[in-house]
Amino acid sequence: MSLRVEEYYCTRNDCYRQGTRLENVEYLIVHSPSVYPAVIRAVSGSGNWYKRWNKPGVEKLVHGFIDDTGIYNFAPYTLACWQIGTGWGNKHCIGYELCELETKAEFERVWNNAVNHYGTLCKKYALTAERVIGHYEAHEKGFASDHDDPAPYFRRFGKTMADFRRDVRRILEGEEIPTEDGTAIKKTYEPWAHGVVQKLEGSDQLNVRTGPGMDYSLLSAWPKLDAGNEVDVLELYENDWAKINIRSARGYVNSWYLKITEAGTGAESYPVWVGRVAGLGDARLNVRTGPGTSYGLLSAWPKLGEGNLVDVTGESSGFYQVRIAGEHVGWVSKDYLVRA
């Protein structure tokens with residue numbers, strides 16, 4: 001199964017700026033950053049790896065990071081990354097860091113993403129599973145610095161590099177490696193689908209989690225969504241959760257609460273126009289989570305004032321659906337909105 005690879009190139013990193021080219025691919029290296037119990041994801045969270053490495057003075061770089069949310073490339077495959085401490089190794093290997101997460105469910109998702117992606121890379125570069133090795137194994141072969149990763153991380157969940165190669169081999173033989181918590185991908189949206197949060201009652205909000213299931217923690221960057229909020233939908237899973245994008249933050253929600261419209265099937269059918277709040281005087285216009293006074297106020301932006309501008313994206317039952325500040329979606333009475 002080929003997974004979506006997202007590009008977050010570390011263009012300010014010294015290795016990236018040096019621009020030494022990879023000569024050819026002899027091995028695929030598996031790393032882990034060895035920072036546990038700190039939990040740091042690839043591109044989500046305030047202190048993510050992309051922010052840590054995309055700056056001058058960081059004397060290391062890998063081709064990407066893999067966590068429970070996906071695969072993120074920090075450099076193109078043509079670049080010789082400073083990843084294993086020797087000139088030959090850096091010029092002949094592609095390597096990824098596997099983020100060290102807390103729970104078994106999170107680890108299983110990282111594992112699933114990694115073995116599927118390494119299997120894809122083996123096919124791309126005509127390599128066997130035996131050419132997939134850990135950093136410590138590259139050291140044993142004489143072309144890497146003396147590190148023990150990813151062995152301690154794998155050991156914490158009863159796994160070894162031999163298990164990893166076994167699963168990569170299964171990928172090469174045409175199998176899929178689903179996670180144990182039922183989160184195999186059911187559908188990948190290319191391009192991303194359009195999603196609208198729905199089916200919430202009153203002032204209820206939809207939890208956005210760090211993984212596809214109730215056992216995952218809330219996403220720190222964007223923990224809740226209101227009815228009517230719009231998101232990009234990247235993937236749908238067998239357990240009926242969805243991976244979403246909210247202003248470059250990646251999270252997961254129960255797909256039962258999403259109205260999903262694939263690109264080209266009417267997601268943009270309403271002729272969007274700019275509206276201006278008028279006729280209120282000193283009063284304030286309620287922004288609700290749905291088209292009616294029985295819906296609660298939109299927590300992110302509950303009121304609008306005279307003269308405020310919004311994008312009008314839909315209408316129903318005497319209410320306009322509006323997008324405020326380019327991101328918050330709610331509903332207001334038609335009586336107080338005119339074309340700007």
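Me: Which residues form a positive surface patch?
Reply: This model is predicted, so local features need pLDDT of at least 70 and side-chain atom pairs pLDDT 80 or more, while totals for chains, interfaces and linings use all residues. Residues are numbered from 1 along each chain as its sequence is written, and side-chain values use heavy atoms, without hydrogens or water. Patch members have over 30% relative accessible area (Shrake-Rupley, 1.4 Å probe, only the protein chains shown as cover) and no salt bridge (Lys or Arg side-chain nitrogen within 4 Å of an Asp or Glu carboxyl oxygen), with like charges joined within 9 Å, placed at NZ of Lys or CZ of Arg, the two types counted as positive. The patch is made of Arg-12, Arg-17, Arg-52 and Lys-55.

Me: What is the relative accessible area of Lys-55?
Reply: Lys-55 sits in the loop between α2 (49-53) and β3 (64-67). Helices (H or I, at least four residues) and strands (E, at least two) are DSSP runs, numbered from the N terminus. Buried means under 20%, exposed over 50%, partly exposed in between. Lys-55 is partly exposed, at 37%.

Me: Which residue follows Tyr-36 across a cis peptide bond?
Reply: Look in the loop between β2 (27-31) and α2. The bond has omega near 20 degrees. The residue after Tyr-36 is Pro-37.

Me: What is omega for the cis peptide bond that joins Asp-149 and Pro-150?
Reply: Pro-150 belongs to the loop between α5 (135-140) and α6 (151-156). Its cis bond to Asp-149 has an omega of about 5 degrees.

Me: What is the phi of Ser-34?
Reply: Ser-34 lies in the loop between β2 and α2. This residue is partly exposed, with a relative accessible area of 46%. Its phi is positive, though Ser-34 is not glycine: near 60 degrees.

Me: Where is Asp-240 found?
Reply: Asp-240 is not a glycine, yet has a positive phi of about 65 degrees. Its relative accessible area is 39%, so Asp-240 is partly exposed. Its place is the loop between β10 (230-237) and β11 (241-246).

Me: How many of the 21 residues of α4 are buried?
Reply: Helix α4 covers residues 104-124. From first C-alpha to last, α4 reaches 30 Å, close to the 30 Å expected (1.5 Å times one less than the number of residues). The rest of the structure largely encloses α4, because the buried count is 16.

Me: Which residue just after α4 takes a positive phi?
Reply: Move just past the end of α4. There, a phi of about 55 degrees belongs to Ala-126.

Key
Patch = residues over 30% accessible without salt bridge, like charges linked within 9 Å, V, L, I, M, F, W, Y side chains within 5 Å. Buried < 20%, exposed > 50% of the residue type's maximum accessible area, 1.4 Å probe, protein only.
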